[in-house]
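Reader: Could you take me on a close look at the largest cavity here? I'd like to know what volume it has and which residues line it.

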Amino acid sequence: MKPVKIAMMGMNHGHTRKYYQTLRENKKLQWVASCAEDEKAKEVYELYKNGVPCYLDPEEMLADHPDIEAVVIASANDRHYGQMKFCAERGIHILSMKIPTFDLEEYDRMIEMVDRAKIVCQVELEMHYNPVVQRLKEVIASGELGKILSIQATNITLSPVWAFPWQGVPEASYGKRVPLKDGDSRFRGGALCDHPHIFDMVRWLTGAEFEYVFAQTAPNLREDLVVEDMLAAVGKMTDGTSFLFDPSWSRMEERIPVPGPGWEVFPKRMEVNFTITGEKGMLQCDCFGPNVFHNGAPNDRLTVQYTYFDEWIGLIDEFVDCIRNNKQPKINLKWHRHTIECMNACYRSIARNQCVRV
């Protein structure tokens, strides 16, 4: 199969560094160019010595590389609509970071322009390609656990704000400045905006949709943030499955300018765990274990080396297959919209302090 000629735009999203590895190493891709959001993003990009030209103007990038077939949109949430429009008008396929937008009217315009352009637009939610999650889906589908009664899931990490400041800016993360609730000095746009994975995967694992949800925030661990970093959500799916989610920034971080080994404090920078309870049994899984722990560089203390399977392989496999064979990815804009509806419902629940229908 001919490699897809691909570029990056933005490069100020938390997953950007992973793509520097993926775009270099995956033989199904030919990384030809990058376009940084600003001078600072370009300066950080240059630290990695990728050997791929970096621009500040997407028009200039395309003028020099008119053969670009696809773009990874690795930018702040509020930049996604304009960059998707730029790509759709030129027939360029899109791999979008994990929150296309929280504005559902804007989301519908994204769907319309992608459909009109007949391009692939895949939402980057790499957890679907994790082998632990794939096995979990197989076990549920087999009926071994019986009817699923409840799902408890954590998606807890450190905060990316220190390396990617836009994630602490409500207008850039959530899309506008909306108070969490009356009497609260914080705004929408924190940990919930960073952690759609478990919301997305519970829909995928059960085949059901969200029916109603009740969510609450806790006092922030990081008092200097103006967005939430601790919250929980409970609710019901349309098939009767109960859920309990913890999508918090409850790991503390070393505030270094460029994320890398040593950013985590203890015991690791990320936990995504599931407890699935059915009528016949219960299953627990850790999606990001095992890990190697050591004391040493860069700060002479605990550092974590992840050893799990690289789920970006499956993500890119599907993206390339959809481009070459005119198919739709499973995490497309239309499907993912229902996840965003539930996340918005969580914010409404926090504001009203009551259960809300999704």
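Author: Happy to! On a 1 Å grid over the protein atoms alone, a cavity is a set of points where a 1.4 Å probe fits but cannot get out, and lining residues have an atom within 4 Å of a point. Grid points are joined across faces, edges and corners, and the volume is the space filled by probe spheres set on the points. Please keep in mind that this is a predicted model: local features need pLDDT of at least 70, side-chain atom pairs count only at pLDDT 80 or more, and totals for chains, interfaces and linings use all residues. Residues are numbered from 1 along each chain as its sequence is written, and side-chain values use heavy atoms, with hydrogens and water left out.

Searching the whole structure turns up 1 cavity of 30 Å³ or more, and the volume of the largest cavity is about 30 Å³. Around this cavity sit His13, Asn77, Lys98, Ile99, Trp166, Gln167, Cys193 and Asp194. Sorted by class, the lining comprises 3 nonpolar, 3 polar and 2 charged residues (Ala, Val, Leu, Ile, Met, Phe, Trp, Tyr, Cys and Pro count as nonpolar, Asp, Glu, Lys and Arg as charged, and the others, Gly among them, as polar).

As for the surroundings, 56% of the 358 residues of the protein chain count as buried, meaning under 20% relative accessible area with a 1.4 Å probe, protein chains only. The C-alpha atoms of the chain fill a box of roughly 55 × 50 × 40 Å along the principal axes.

Definitions and conventions:
On a 1 Å grid over the protein atoms alone, a cavity is a set of points where a 1.4 Å probe fits but cannot get out, and a pocket is an open set with protein on both sides within 12 Å along at least five of seven lines; lining residues have an atom within 4 Å of a point. Buried means under 20% relative accessible area, exposed over 50%, partly exposed in between (1.4 Å probe, protein chains only).
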